[in-house]
Amino acid sequence: MSYDIQKLKIENFDDYIKIQSNAYTTLEITKEKAELIKTQAAELDRLGIDLGYYGIYKNSELYGVGRFYDFTMNFLSVLVPVGGLGSLAVDLLHKKEKICRDVTLFGLNHFKNKGCPLVIIYPFHPNFYKKMGFGFGAKMSQYKIKPHDLPSNHCKDHLFFVTDKDKKDLIDCYNRYASKTNGLFQHNEDLFDRSFKARGARTIAYKKDGQIQGYVTITFKKGNEDNFLINNLHVNQLIYENREAMLELFTFLNSQSDQISRIIIDTHDENFHFLLNDVRDDSNILIPHVFHGSNHQGVGTMYRVVDVEKVFEVLSSHNFNNASCKLCLDIKDSFMPHNNKKYYIEFNNGLATINNNTNYDVRISMDIAEFASLITGTINFETLYHYNLADISDTSYLDVVDNIFRVKHKPACLTAF
């Protein structure tokens, strides 16, 4: 079938909302909400602001939709432009017609042409996007903690409820934190509003020497439909720049035990359980022989390298652990064939350059999906090799190659899109 993919026309927003409503039923798009979406979109379009909405058309009929987001991401301590693919949806009458595949490929090339090395997605079906070359990101862990099991220093002197006048200071705090955290996006006011204006959300911040240095955004939810006295506290976002801010924010959460049954925290921190007095959650699971259920885990963000050469170009200032090695990187990519080739990379005291010198010390090969997980720091090379997801021409170089790509922290992502 022949499709035409182009920016979504304002006159097609009714169809866009219908497709989104059928694909994401939990959004509960009411008639009033639909009218608001259309009005806001029309006004932004009138002002010439690119909304990033795209539609896939056949004979002027809308078959599928997607939204393309422009982000700036901390990629191994280098701030780089990356793309986000979101709100991908297909009309119920046109499922299994490769529409989502075509929109995804269009989006990948769209961001490649804009000079982005990476594209990120929250997948509906991870296996579907894995086949298109997306690699897994780091797991998210969800803890359900009794308030008194969080640390407390019995001090909350620097905490306060934030208001709209504190918005700039909060954004500055988040962006300072993001600039030091692999994988996080920089926030502007629009992204900030989307993150913080959740229904019923409250934000408590830590401020010292005139500067916000940490905050927690929370919502309260029923823990039992039949008992209004049982409530849970959901931590929507928790940011802290230093230990003092962390301790006061946790002290605040600790002090909620008279009203709160469980505090629910989602975190990329693999060591978070060390903070807790009691690591057990409410599952009562016991894994043989005696391993107590502490948290649930899930795989979310997936990363797609759209331009291998661009990756090493934007990482020209990144120190690959002081390594010195001539590496042949053999990438397999059937979905975006321009990546499907060998790259000759020279690492000199940790700095990488791609050249045409085909002499190399060692050759490694892998699929583009595994390369995405490797280069973002989600997984190390030695593990890929042992899982038979990557190969190496000379195993005596295994430690050398593993050291090149090893990072201190796996990529985090706290931005919904």
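In what sense do strand 18 and strand 19 pair, and over how many bridges? The two strands are antiparallel partners, and five bridges link strand 18, which covers residues 342-348, to strand 19. Please keep in mind as you read that this is a predicted model.

## The five-stranded sheet

Strands 18 and 19 belong to an open sheet of five strands, where the pairing is mixed and the order reads 19-18-17-20-21. Strand 19 (351-355) and strand 21 (390-392) are the edge strands; each has a single partner, so one side of each has no neighbour in the sheet. Going from one strand to the next, the twist averages 25°.

If you would like a place to start looking at the pairing of strands 18 and 19, try Asn-348, which stands opposite Leu-351 in strand 19.

## Helices on the sheet

Helix 9, made of residues 368-375, packs on this sheet and touches strand 17 (325-332) as well as strand 20 (362-367). The direction of helix 9 makes about 110° with that of strand 20.

Helix 11 is another one to display: residues 398-405 form this helix, which lies across strands 17, 18, 20 and 21. Relative to strand 17, helix 11 runs at about 75°.

## Gln-20 and its surroundings

Let us move to another part of the chain. Helix 1 spans residues 13-23 and includes Gln-20. Is Gln-20 buried or exposed? Its relative accessibility is 5%, and because buried means under 20%, Gln-20 counts as buried.

Which residues does Gln-20 contact, once its neighbours within four places in sequence are left aside? They are Ile-29, Val-65, Ser-87 and Ala-89. One of these contacts, Ser-87, lies in strand 4 and has a backbone feature of its own, described next.

## Backbone points to check

Ser-87 is not a glycine, yet its phi is positive, at about 55°. Ser-77 also has a positive phi while being a residue other than glycine, with a value near 75°. Where is Ser-77 found? Its place is the loop between strand 3 (61-75) and strand 4 (78-90). Ser-77 has a relative accessible area of 64%, and so it is exposed, whereas Gln-20 is buried.

There is also a peptide bond to look at: the one joining Pro-288 and His-289 is cis, with omega at about 0°. His-289 sits in the loop between strand 13 (286-287) and strand 14 (291-292).

Technical notes
Residues are numbered from 1 along each chain as its sequence is written. This is a predicted model: local features need pLDDT of at least 70, side-chain atom pairs count only at pLDDT 80 or more; totals for chains, interfaces and linings use all residues. Side-chain values use heavy atoms; hydrogens and water are left out. Two strands pair if DSSP finds at least two bridges between them. Helices (H or I, at least four residues) and strands (E, at least two) are DSSP runs, numbered from the N terminus. Axes are lines fitted to C-alpha atoms, for helices over the stretch in contact, and angles run from 0 to 180 degrees between N-to-C directions. Contact means heavy atoms within 4.5 Å. Buried means under 20% relative accessible area, exposed over 50%, partly exposed in between (1.4 Å probe, protein chains only).
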